[in-house]
Amino acid sequence: MTLTHRFGLPLITVLLVLAGCSQKTNEANSNEVSEAATSSKQSTNISSANIINADATPGEWLTHGRTYSEQRHSPLGKVSTDNVKQLGLDWSFDLGVSRGIEATPIVHNGVMYVTVTWNIVHALNAKTGELIWTYDPEVDKSRASLLCCDAVNRGVALWGNQVFTGTIDGRLIAINKDTGKANWDVLTVDLSLPYSITGAPRVVKGNVIIGNGGAEFGVRGYVSAYAADTGEMTWRFFTVPGNPENGFEDKAMEMAAKTWNGEWWKAGGGGTAWDSMAYDPELDLLYVGVGNGSPWNQDLRSPGGGDNLFLSSIVAINPDTGEYVWHYQTTPGETWDFTATQHMILADLNIDGDQRKVIMQAPKNGFFYVIDRKTGEFISANNFVPANWATHIDVESGRPVEVPDARYPGKKPYFQLPGPLGGHNWHPMAYNPQTKLVYIPAQEIPFAYTDDPDYNYEVGKWNTGTNLALATLPSDEATFKAVRAMFKGRIIAWDPVKQEAAWTFEHKAPWNGGLLSTAGGLVFQGTADAHFAAYDAASGEQLWKFFSQTGIVAAPISYSVNGEQFVAVASGWGGGFALAYGGVSALGGAPNVGRVLTFKLGADGQLPALPNTVVTAAPPPPSTAPENVIAKGAKAYVLQCAVCHGDHGVSYGSIPSLRQSPYLGVAAGWNSIVREGARTDRGMGNFSQFLDEETSEAIRAYIISEANSERDLQFYKDASGAK
Ligand code: CA
């Protein structure tokens, strides 16, 4: 099979081009290149002890959250509040992709491992950005249609002499970290169901642990462990019960099933663990964050209610056996896509005079939780963003006190904060043990929840049980602007003991990058409006910023080579909000250029000028289709297309804009893409199973009508061109 790159070049050519693509933006010399070769030969294997004692090698970034406690705090302090203004771009590496990049790079022995769209893994010289090797797992790109939130990946794990990566088509792969050759490649899911992997694996005592995603489409979540050496599965922990008639896998599932009603297993139940994990080596407990229900709407999922364990829960399990130890459920009987898959941080806090071992999480539901990580006991919670679904968390029971109208089924729509994109999503937080503050990339994105009277579970479709059409942005300009003004994003420096903000920094928009804390008293973050900035960890003052050309959603890291400190982040605007709210989120430059950006003191590199490829083609002539056809197209678009191609057909930067598609005016071309799979090699699935030709044509008529609307012509003038 010859893979073709999006620009039509055979993939091998692109990789050869990429090999020369590192931009050493200040003086490069041959010594650095030869050092790269030497360092990869001298590399050492990673063990439990290396990760447990990560602070003994502060220049490395060995696991997703740097340490098993996932604090994302670098002990490096040479770059500090005093000198951060001298920080500049040292090198950048062009990732060759235009979609969302959510990866945290891993750095060991002078080598950086980073993942890109389509699960391609690059090993780079961490000092120079020179490419050492590239591994392409040749994923089935058509699976991108079964991903809720872009063809993204959050990074690799490192163990022994191998790098581990999960793929959007459900595989877990072990790659030799020095040669870039795969040692084993195992399928972790049933591909007849809409499973995917976007999360980074973690390795605990030789077990590579990986979850999966797909709860929007209807699956049953689980976490599995595979032996690092052989790829053999050692255990699997299901997060929600299956059909009781088939017997329960373990006692935890038997207990969980008592909290469900009806025939929940038919749509899978959900509970996918698609991102967060943490590990406490002293307690020997692995913590897993569990996602939302399938479908979202609890009345349709579990009629009559129930807590629906272990949805929206933090679950502690034995890392050797996968056995359940304890759980804490953040949103009992969730019905709002309120995952508890958000980043979890382990720390020891002094609370009321006692030193407590805690686990902390700011899940989508808008409350910040402090939980005893030995027992699962609730300690405290408070909302960190406006939340109108619950008034507070009851201290005695640890349960939310809900606002009754927020459970929307059978009732009028409920306009809610937070919505399904959360008060905080997957973007990692950071904890600074000196300031004792948790830095949260928080946001406000409201959503109108309502029952979907036409809900009918169908494998491969969006199966939320809510009427997504009501959540779309209004077309008239005044209301559009008013709703757009409600979308907010900020850094919150949260005091977990007092359960209140110490400071906040307001951004232009939601969906900003993950956070890094450093011993230099700094917090680093990339933004939706294409900047990378440093803040004073104590006061929140912005001390330095850099125009990154492309929006940033990933989290930065810091590492050192030969005593010199670097700060690095992967740029690449994308993910759920960027796709679904394409127009609203258009704040960065265009086009989207994914890169690794690496900074150090005294460097003054510049990014190459962006290619001028903003499409300004005029839309086809207005559609002659009758109103009812356009309305039908609008409805089908919202249900089948909008989550990737954007509200009202506006997408910006990462996925081609349908309004400017050259096929918009050509029925045969449109049909070949939508119903014949002509673009499956770029991640556009074949929708013939869900859209007949008449509906596909109605969608085309709707997009033509949108492309000709006055508001939208103005919108394009506003949105095009780099800011
Ligand atoms: Ca979800």
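Buried here means under 20% relative accessible area, with exposed over 50% and partly exposed in between (1.4 Å probe, protein chains only). This is a predicted model, where local features need pLDDT of at least 70, side-chain atom pairs count only at pLDDT 80 or more, and totals for chains, interfaces and linings use all residues. Residues are numbered from 1 along each chain as its sequence is written, and side-chain values use heavy atoms, with hydrogens and water left out.

Q: Which of the words buried or exposed fits Asn 292 and Asp 337?
A: Both are buried, so each falls under the 20% mark.

Q: What makes Glu 216, Asn 292 and Asp 337 donor residues of the calcium ion?
A: Donors are N, O and S atoms within 2.8 Å of the metal, or 3.2 Å for Na, K and Ca; water is not among the atoms, so sites may look incomplete. Glu 216 (OE, listed twice), Asn 292 (OD1) and Asp 337 (OD) sit at 2.3 to 2.8 Å, so they qualify.

Q: Why are helices H8 and H11 called roughly perpendicular?
A: Angles from 65 to 115 degrees get that name (under 35 is roughly parallel, over 145 roughly antiparallel, the rest oblique). The axes, lines fitted to C-alpha atoms over the stretch in contact, with angles from 0 to 180 degrees between N-to-C directions, cross at roughly 100° and come within 7 Å. H8 and H11 are therefore roughly perpendicular to each other.

Q: How do you know that S23 and S24 pair?
A: Two strands pair if DSSP finds at least two bridges between them. S23 and S24 have 4, in the antiparallel sense, so they pass.

Conventions. Helices (H or I, at least four residues) and strands (E, at least two) are DSSP runs, numbered from the N terminus.
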